[in-house]
Amino acid sequence: MKRIALLGMPNTGKSTLFNRMTGGSARVGNWPGITVELLSGKILLGGDMVEIIDLPGIYDLHGFSDDEQVVRHFLHDNVPDLALVILNTTQIERQMSLLLQLKQLNMNIVVMLNMADEAKKFGITVDAAKMSALLEMPIFLLSAKYGGGYAEAMQAVTKALRYRTPGMAEQLRSQLEQDEHIETEMARVLKHTVQIPAQMSDNLSEKLDRAMLHPWLGLPIFFAVMYLLFQGIFFFGQPLQTGVAALFGWLREAALDPLLAGAPPIVQGLLLDGVYNGVATVAAFIPIIILFFLFMALVEDSGYLSRAAFLMDALMARLGLDGRGFVMLLMGFGCNVPALMGTRVMRSRAMRLLTMLVIPFSLCSARLQVFVFITAALFSPKAAPLVLFSLYLSSFAAAILTALIFKHRFKNNEPFVLELPPYRFPTLRQMALRGWLEVSHFLRRATKFIVAGVVLVWLLTHLPLSATPASADTFAGMIGGFFHPVFAPVGINEQLTIALIFGFVAKEIVIGALAVIYGLSGDALSGAIGQQLDWVQAYSFMLFTLLYTPCLATVATLQNESKQLKFTALSLGWSLALAWLASFAFYQGARALGY
Amino acid sequence: MPSTTLATLHPGDFATIVAIHAEEALHQRLLALGFRSGKQITLIRKASFSGPLQVRIGTTDVMLRRSEAAKVSVCKGVVQGANET
């Protein structure tokens with residue numbers, strides 16, 4: 001199969017073109033010579049199946065950033081039959097350098113001058129035919145977003161694929177050294193083919209930035225935008241999530257329960273409470289992930305995410321993070337899983353890993369449910385809001401502490417120089433496609449892991465068969481008993497330890513687990529817990545719940561996104577250690593003070 | 001004309017890049033974003049709390065930290081004969 005590689009600088013609309021070409025059928029895959037996964041899609045072009053690969057955006061073919069190395073290694077080990085080079089027409093005066101570098105590699109090249117619509121608006125005119133003649137390669141003006149010029153460009157791509165790609169690859173590195181001519185060549189081509197008005201007139205972006213990046217107003221606006229975003233995702237997400245849960249419950253009652261009524265209890269339990277609940281757990285994430293990325297596409301593609309980085313950088317730089325990391329951290333307060341997936345916008349791997357280490361400490365909505373229940377059981381209505389607020393503060397403190405401790409280990413060595421693109425409105429199609437791609441990615445990667453985890457916890461809490469489920473005689477109870485010496489100093493009893501084992505799967509099921517463990521539910525359960533625990537023990541339990549592993553889906557996502565078992569283990573180990581230390585310090589401290 | 005660095009400019013100032021004294025990785029990135037000696041650059045704004053700078057070079061708006069801007073030597077104003085594209 002012939003291969004087309006998409007190449008270009010960041011912010012050129014490369015992914016938009018890729019999505020237009022592949023229509024959402026893209027998949028991630030591994031390639032020889034590189035360690036990161038790349039999106040690729042297969043389409044029919046001129047009667048043949050062709051594979052299109054979306055390479056990361058790069059500024060320079062011989063740069064030192066992670067992405068630049070990836071592209072170099074990819075081109076070296078997987079010579080494409082055609083390089084489709086995408087340049088942002090509004091910035092052609094500097095982006096042409098990348099094209100000329102690529103031209104030296106003697107590859108089969110077709111060039112797309114993208115964002116032709118925007119360039120026209122800014123008064124930039126390009127003589128594509130003349131440029132084509134000067135550079136001796138096919139060049140087309142295109143609007144990947146709206147589709148203008150697309151059909152013509154695809155015809156050229158089909159035609160270009162008929163030619164064999166010339167040599168290249170072997171002396172790649174040495175060829176890349178000859179930068180000298182590039183500058184003169186660039187000046188020559190630009191002079192003959194491009195006209196840029198002396199004063200760029202993007203009034204809209206100028207005006208918006210005057211408010212959005214205002215010295216005093218910028219930050220309040222930023223927090224207001226984040227708040228709206230957050231509310232938006234959960235305003236629409238929560239009913240959808242409830243709906244999905246109801247649908248799964250209904251399907252179980254209406255079809256699966258009767259179907260398995262004759263089966264032995266162990267089979268019933270394993271299939272329904274294990275496998276089926278696992279699938280339902282995965283499904284519950286679907287609406288949140290889709291909504292999150294619909295909104296993220298809006299924030300990212302509109303150019304506001306770079307503005308957030310600008311506003312928050314002063315604070316975040318001290319933590320070894322950047323402002324985009326802060327946005328993801330905030331979104332983590334809704335749900336850690338899409339927030340972790342969203343860190344992909346950070347192109348420096350070290351900074352991305354550090355951000356991923358910090359996000360799981362965000363007090364997500366599932367953990368909030370546990371805290372609301374326990375706070376209501378143990379604290380007066382007056383004290384309850386303060387307790388919840390203190391937990392949010394602890395969440396931030398844990399995130400900051402983690403960043404400070406690990407920032408030297410995950411040292412970002414890429415220059416922090418970001419473009420601030422003009423404000424743009426993504427099309428609905430772009431947003432929907434993003435949501436769809438991310439959710440299918442999550443489902444493909446996380447389903448098996450999560451279902452296996454749910455089944456395992458079911459087995460632990462139900463075996464051996466002679467024991468009462470979730471009692472001290474089950475394997476989970478034994479584990480709880482075994483770890484009792486570890487949990488006793490932090491004031492967490494054996495029943496709560498079993499609940500923590502459940503909580504490893506998802507915090508949503510902790511209260512349900514407590515109901516099973518105590519054999520009570522609702523008010524009776526909160527009464528029993530209120531009787532058995534004092535507030536110091538309860539707060540210690542909440543601190544532990546806040547800081548240790550958020551849920552299986554988070555673990556699965558950490559592993560998928562980092563592709564590093566060592567990193568996932570570090571994240572798990574560190575959060576457990578921090579949870580224990582914080583609870584220990586709190587519990588022993590409070591007891592020492594006589595509470 | 002006195003030479004200074006990009007970091008010391010005030011919002012609204014024009015300047016011409018004289019030299020870039022950055023390590024290789026930063027140098028390459030700046031080159032790719034259009035930073036070259038002789039090019040005109042405008043400081044648009046500075047973020048509060050010693051945050052990053054927003055500069056305009058050609059048709060591109062770029063943000064960079066003050067520590068990095070300090071590695072770009074500039075000459076205030078438009079230098080005679082500076083090449084503009």
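Domain bounds in this model come from an automatic or database domain assignment. The model is predicted.

**Figure 1. Chain A as a whole, divided into three parts called domain 1, domain 2 and domain 3.** Domain 1 covers residues 2–201, domain 2 joins 212–363 with 415–441, and domain 3 runs over 448–592. Taken over C-alpha atoms, the centres of domain 1 of chain A and domain 3 of chain A lie 51 Å apart. Chain A holds 26 helices and 10 strands. Along the principal axes, its C-alpha atoms fill a box of roughly 85 × 60 × 40 Å. The radius of gyration of chain A is 28 Å, which agrees with the value near 25 Å for a compact globule of 595 residues. Of those 595 residues, 45% count as buried. Among contacts in chain A with a separation of 6 or more, 75% are between residues 24 or more positions apart.

**Figure 2. Strand β1 of chain A and its two parallel pairings with β4(A) and β5(A).** Strand β1(A) spans residues 2–8, and five of these seven residues are buried, so the strand is largely enclosed by the rest of the structure. A residue counts as buried here if 20 or more other C-beta atoms lie within 10 Å of its own. Five bridges join β1(A) to strand β4(A), residues 48–54, in the parallel sense. In that pairing, A:Arg3 has A:Glu51 as its bridge partner. Strand β5(A), residues 82–88, also pairs with β1(A) in the parallel sense, over five bridges. There, A:Ala5 is the bridge partner of A:Ala83.

**Figure 3. Helix α13 of chain A, a mostly covered helix.** How many of the residues of α13(A) are buried? The helix runs over residues 323–332, and 10 of its 10 residues are buried. Among them are A:Gly323, A:Arg324, A:Phe326, A:Leu330 and A:Gly332. The buried residues of α13(A) pack against several other helices of chain A, including α10 (218–259), α11 (265–301) and α12. The helices α14 (336–342), α15 (349–358) and α17 (384–406) of chain A are also packed against by these residues.

**Figure 4. A:Lys130 in helix α5 of chain A.** Helix α5(A) covers residues 128–135. A:Lys130 has 14 C-beta neighbours inside 10 Å and therefore counts as partly exposed. Leaving aside neighbours within four places in sequence, A:Lys130 is in contact with A:His192 and A:Thr193. A:Leu546 is 416 residues from A:Lys130 along the chain, and their C-alpha atoms are separated by 63 Å.

**Figure 5. The contact between chain A and chain B.** Chain A gives 26 residues to the contact and chain B gives 27. On the side of chain A that touches chain B, α3 (92–104), α12 (304–318) and β10 each supply at least two residues. Helix α12(A) has the largest share, with five residues. By type, the residues on this side of chain A divide into 16 nonpolar, four polar and six charged.

**Figure 6. An open sheet with strands from chain A and chain B.** Seven strands are paired antiparallel in the order β10(A)-β5(B)-β4(B)-β3(B)-β2(B)-β6(B)-β1(B). Which strands stand at the edges? They are β10 (417–419) of chain A and β1 (3–5) of chain B; each has a single partner strand, so one side of each is left without a neighbour in the sheet. From one strand to the next, the twist averages 40 degrees. Strand β10(A) runs antiparallel to β5(B), and three bridges join them. A:Glu419 stands opposite B:Val62 of β5(B). Within chain B, strand β4 (residues 53–57) and strand β5 (residues 60–64) pair in the antiparallel sense over five bridges. In this pairing, B:Gln54 has B:Met63 in β5(B) as its bridge partner.

**Figure 7. B:His21 in a loop of chain B.** The loop holding B:His21 lies between β2 (14–20) and α1 (24–32) of chain B. Is B:His21 buried or exposed? B:His21 is exposed, because 12 other C-beta atoms lie within 10 Å. Apart from neighbours within four places in sequence, B:His21 is in contact with B:Lys71 and B:Ser73. B:Ile57 is 36 residues from B:His21 in sequence, and the two lie 18 Å apart in space, C-alpha to C-alpha.

Conventions: Residues numbered from 1 in each chain as written. Chains lettered and ligands numbered in written order. Predicted model: local features only at pLDDT ≥ 70, side-chain atom pairs only at ≥ 80, totals over all residues. Helix = DSSP H or I, 4+ residues; strand = E, 2+ residues; numbered from the N terminus. Rg over C-alpha atoms; globule rule 2.2 N^0.38 Å. Contact = placed C-beta atoms within 7 Å. Pairing = 2+ DSSP bridges. Axes fitted to C-alpha atoms, helices over the stretch in contact; angles between N-to-C directions. Nonpolar A, V, L, I, M, F, W, Y, C, P; charged D, E, K, R; others polar.
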